[in-house]
Amino acid sequence: MLRALTSALRLPRPWRPLRTRSCASHGATGDPEIQVRALTGRDQGITEILMNRPSARNALGNILVSELLEALAQLREDQQVRVLLFRSGVKGVFCAGADLKEREQMSEAEVGIFVQRLRGLMNEIASSAVMGLIETTRGLLPGAGGTQRLPRCLGVALAKELIFTGRRLSGAQAQALGLVNHAVSQNEEGNAAYHRARELAQEILPQAPIAVRLGKAAIDRGMEVDISSGMAIEGICYAQNIPTQDRLEGMAAFREKRPPRFVGK
């Protein structure tokens, strides 16, 4: 088991620059549904994925899902990306979940394929090598896999209660349950959650990128196994950090009492 995990936890091959700093899909109206923007200045290293499908309240349809998967695949290979921020271009809504109107037109076989792709999208977001943040009025990107993710987050009993009842939660209720990390009061512009997510991204940004990626891998993989196996996974991840320039830079910066200058190597 640990041999297989060692292979799975290896850092990806050296990243290649994204061929284009924007990606868009076009629905029936011809308007872009997905836009990717790399921030600059003090926010360099933060990349935003903007969902902009106002006619369907950003519901996850075939085009939106396809373009999200394409954008994530490209960004995974971009060494400049250290934090990925999902946000909405539609005021008052983040994502309405699956596009049920579109699904109504699908055959049973097509529904099965689409749900599988939607589940793959959620897995891709969760397992991305970069640290991802979600700006949302509800704190969630609704999608397939809820019966597995929710019990791991809240426990079996509470997850069953929420799933069986279909209960809606406010941001404050979601935070009280531990379903989201932060809940903020809305501002006049309607983008308070985005600003809080961006502040958190700015906190992550100066940290050593390799250590952040390996820390994410250790946590995600470790939560799937017993604690002894989890400790072994942590050891595998830390061993990959030992020969990096960033680890030595972090030690030197601490010794010299100066901010570190990490390069992702």
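The following paragraphs describe the nonpolar cores, one helix, the charged pairs and the cysteines of a predicted model.

Local features were considered at pLDDT of at least 70 and side-chain atom pairs only at pLDDT 80 or more, whereas totals for chains, interfaces and linings use all residues. Residues are numbered from 1 along each chain as its sequence is written, and side-chain values rest on heavy atoms, with hydrogens and water left out.

The largest nonpolar core (buried Ala, Val, Leu, Ile, Met, Phe, Trp, Tyr and Cys residues joined through side-chain atoms within 4.5 Å) comprises 22 residues, and those with the most contacts inside it are I49, L60, L68, F86 and L121. At least two residues of this core are supplied by each of β1 (34-38), β2 (46-51), α2 (62-76), β3 (83-88) and α4 (108-127), where helices (H or I, at least four residues) and strands (E, at least two) are DSSP runs numbered from the N terminus. Helix α2 provides the largest share, 6 residues. Another core, of 7 residues, lies apart from it and includes A159, A174, L179 and V180.

Helix α9 (residues 209-222) has 14 residues, and its end C-alpha atoms are 20 Å apart, in agreement with the 20 Å expected at 1.5 Å a residue; the expected span is 1.5 Å times one less than the number of residues. Among the residues of α9 that are buried are P209, I210, V212 and R213, buried meaning under 20% relative accessible area, exposed over 50% and partly exposed in between (1.4 Å probe, protein chains only).

The structure holds 10 salt bridges, each defined by a side-chain nitrogen of Lys or Arg within 4 Å of a carboxyl oxygen of Asp or Glu. One of them joins R37 to E48, with the closest N and O atoms 2.8 Å apart, and links distant parts of the chain, since R37 lies in strand β1 and E48 in strand β2, 11 residues apart. In this pair R37 is partly exposed at 43% relative accessible area, whereas E48 is buried at 2%. A salt bridge between E199 and R196 (3.7 Å, N to O) lies within helix α8 (residues 192-204), its partners being 3 residues apart, about one turn of the helix. Both E199, at 43%, and R196, at 22%, are partly exposed.

No disulfides are present, a disulfide being a pair of cysteine sulfur atoms within 2.5 Å. Of the cysteines, C153 is partly exposed, with a relative accessible area of 40%, whereas C237 is buried at 3%.
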